[in-house]
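Visitor: I have a model open and would like to go through the terms used for it. Could you walk me through them?

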Amino acid sequence: MKEAECYPGKRVGRLTLIEKRRIPNGRYTKGGWLCRCDCGTEKVFRTDGLGVNKSRSTLSCGCYNAELVQGNNFHKKYKTADSQKDSKYHRLYHTWAHMRQRCMNSNDKAYPKYGGRGISVCTEWNDYKNFKKWALENGFDINKTGIEQSIDRIDVNGNYEPQNCRWVDRYVQANNKRNNVYIKVCGKYYTYGELARETGIDRLTLYARYKHGKRNEELIAPINENMSHKRKELTAA
């Protein structure tokens, strides 16, 4: 990481930058930062080693690697159980494993959107048994597919933990994203996806109409007579 990108309070994986330091390096010194890890450990790291780099990656005080080893051992322990495709809980185990990967493995393609933003999995859920217990007590349905039901963080900037997670369908999850755009129609706010489902009008058609200045009734005007009743329902709400 470049020095210009660093400042007190910045999050790098599990680390929070506290203050600048100089690290002895032979006759000279190297730039560094005193950091506090989420586990409570404070340690000084070289600035050019922070984050994910070609030569080295520093995202924690070292606790991440320890947990990863523990997780690998735990995976082996469950190799003949829920991790198997013929297990009725295979989808649940798959959810747990991928949740940890995108938060803890800097090589995972989804890491920049999760662990790279400081999102982590609570300590309790590093044990699959605890995660499974919570899931079964909070609406996980073994008869549903991943499209019909998936884990969702209520606060999209929060961590994976019991009080911030729920099981929802793909429509609810699609409407709970950081990059969602909301538009006001007849006094209510909708995403384009929600409005498309409410009116039966294609999402791209709604987007094009909105972009060209159409609002409220003009925006949701039916394309044919069979859709006119949906506009009446929205305008009456």
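Visitor: Why are H2 and H3 called oblique to each other?

Guide: Happy to start there, and please keep in mind that this is a predicted model. Helix H2 (residues 90-104) and helix H3 (residues 128-137) pack at an angle of about 125°, their axes being 11 Å apart. Roughly perpendicular covers 65 to 115 degrees and roughly antiparallel begins over 145, with the rest counted as oblique. The angle of about 125° falls in neither range, so H2 and H3 are oblique to each other.

Visitor: Which residues make the contact between H2 and H3?

Guide: From H2 come Leu92, Tyr93, Thr95, Trp96 and Met99, and from H3 come Tyr128, Phe131, Lys132 and Ala135. By class, that contact has seven nonpolar, one polar and one charged residues. Tyr and Trp count as nonpolar here. As for handedness, H2 passes H3 in a right-handed crossing.

Visitor: Why is Gly118 called buried?

Guide: The relative accessible area of Gly118 is 14%. Buried means under 20%, so Gly118 is buried. This glycine lies in the loop between H2 and H3.

Visitor: What does Gly118 touch, leaving aside residues up to four places away in sequence?

Guide: Gly118 touches Arg11, Gly13 and Asn159. Contact here means heavy atoms within 4.5 Å. There is also Arg14 to look at: Gly118 and Arg14 are 104 residues apart in sequence, yet 6.1 Å apart in space, C-alpha to C-alpha.

Visitor: Now to the strands. What makes E1 and E4 edge strands?

Guide: Four strands form an open sheet in the order E1-E2-E3-E4, with antiparallel pairing. Strand E1 (11-12) and strand E4 (42-46) are its edge strands, as each pairs on one side only.

Visitor: How many bridges join E3 to E4?

Guide: Five bridges join strand E3 (residues 28-37) to E4, and the two run antiparallel. Two strands pair if at least two bridges are found between them, so with five, E3 and E4 count as paired. One place to look is Arg36, whose bridge partner in E4 is Glu42.

Visitor: And which way do the residues of E7 point?

Guide: In strand E7 (residues 150-153), Ser150 and Asp152 point one way, while Ile151 and Arg153 point the other way. All of them are buried. E7 is joined by four bridges to strand E8 (residues 165-168), and the two run antiparallel. Across from Asp152 you will find Arg166 in E8.

Notes. Residues are numbered from 1 along each chain as its sequence is written. This is a predicted model: local features need pLDDT of at least 70, side-chain atom pairs count only at pLDDT 80 or more; totals for chains, interfaces and linings use all residues. Side-chain values use heavy atoms; hydrogens and water are left out. Buried means under 20% relative accessible area, exposed over 50%, partly exposed in between (1.4 Å probe, protein chains only). Axes are lines fitted to C-alpha atoms, for helices over the stretch in contact, and angles run from 0 to 180 degrees between N-to-C directions. Angles under 35 degrees count as roughly parallel, over 145 as roughly antiparallel, 65 to 115 as roughly perpendicular and the rest as oblique. A crossing is left-handed if the near helix is turned anticlockwise from the far one by less than a right angle, and right-handed if clockwise.
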